[in-house]
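Student: Could you pick out a single part of this protein and take me through it closely? Once that part is clear, I would also like to see how the rest of the chain is laid out.

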Amino acid sequence: MIKNFSGNGFLIYSFILTEIYRDKGYFLEWDNDADFDIFEALNISENLVNEVVNYSCLIGLFNQELWEEKNIITTKNIQEFWAKVAKIVKRKNQAVISDFLVKT
């Protein structure tokens, strides 16, 4: 990531992780708002944000299948971590939406 996109790539990736955990807990719906929020907050070009997201999926930092099919950013590790936290804090709903479940 850093080799291809320098510090901005890592910054974008980290920001997306923060948004995942802050909002839904285990996924981020990638739409125009999410895209806009990131490039505006970080003052980084929209093209660079999209390149980093695509690259992150390509190298397995995010699940490429969900990204391509449903515009959802997540991973199995993110979902497992969320499930552990949800159990610890005794959330009523601890299940991952079945359509967004990463199986492998």
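Tutor: Lys90 is found in the segment that comes after helix 5, the helix covering residues 76–88, and since everything here is read from a predicted model, please take each value as a computed one. What draws attention to Lys90 is its backbone, for its phi is positive, at about 60°, although this residue is not a glycine. As for the surroundings of Lys90, its relative accessibility is 69%, and because exposed means over 50%, this lysine counts as exposed.

From there we can step back into helix 5 itself, where Lys84 has its place. Lys84 also counts as exposed, because its relative accessibility of 58% is over the 50% cut-off. If you look for Gln94, which is 10 residues from Lys84 along the chain, you will find that the C-alpha atoms of these two residues are separated by 8.7 Å.

A positive phi turns up at Ser6 as well, where the value is about 55° although Ser6 is not a glycine. Ser6, however, has its place in helix 1, and its relative accessible area is 39%, so it is described as partly exposed, the class that lies between 20% and 50%.

Helix 1 leads us on to a helix pair. Two packed helices are described by the angle between their axes and the distance between those axes. Helix 1, which takes in residues 2–22, packs with helix 3 at an angle of about 80°, and their axes lie 10 Å apart. The two helices are therefore roughly perpendicular, because angles from 65 to 115 degrees fall in that class. On the side of helix 1 the contact is made by Asn4, Phe5, Asn8, Gly9, Ile12, Tyr13 and Ile16, while helix 3 brings Leu48, Val49, Glu51, Val52, Val53, Tyr55 and Ser56. Sorted by kind, the residues of this contact divide into 9 nonpolar, 4 polar and 1 charged.

Staying with helix 3, which covers residues 46–58, we also meet Asn47. Its relative accessible area is 59%, so Asn47 is exposed. Between Asn47 and Tyr26, which are 21 residues apart along the chain, the C-alpha atoms are separated by 25 Å.

Now let us set these parts into the whole. The protein has 5 helices and 2 strands, and when you read along the sequence they follow the pattern α-β-α-α-α-β-α. For 104 residues, a compact globule would have a radius of gyration near 13 Å, and the value for this protein is 14 Å, which agrees with that expectation. Taken along the principal axes, the C-alpha atoms fill a box of roughly 40 × 25 × 25 Å. Of the contacts with a separation of 6 or more, 58% are between residues that stand 24 or more positions apart. Finally, 38% of the 104 residues count as buried, and the accessible surface comes to about 6,600 Å², with 51% of it belonging to carbon and sulfur atoms.

Technical notes:
Residues are numbered from 1 along each chain as its sequence is written. This is a predicted model: local features need pLDDT of at least 70, side-chain atom pairs count only at pLDDT 80 or more; totals for chains, interfaces and linings use all residues. Side-chain values use heavy atoms; hydrogens and water are left out. Helices (H or I, at least four residues) and strands (E, at least two) are DSSP runs, numbered from the N terminus. Buried means under 20% relative accessible area, exposed over 50%, partly exposed in between (1.4 Å probe, protein chains only). Axes are lines fitted to C-alpha atoms, for helices over the stretch in contact, and angles run from 0 to 180 degrees between N-to-C directions. Angles under 35 degrees count as roughly parallel, over 145 as roughly antiparallel, 65 to 115 as roughly perpendicular and the rest as oblique. Contact means heavy atoms within 4.5 Å. Ala, Val, Leu, Ile, Met, Phe, Trp, Tyr, Cys and Pro count as nonpolar, Asp, Glu, Lys and Arg as charged, and the others, Gly among them, as polar. The radius of gyration is taken over C-alpha atoms; the globule rule is 2.2 Å times the number of residues to the power 0.38. Accessible areas come from the Shrake-Rupley method with a 1.4 Å probe; for residues, only the protein chains shown count as cover.
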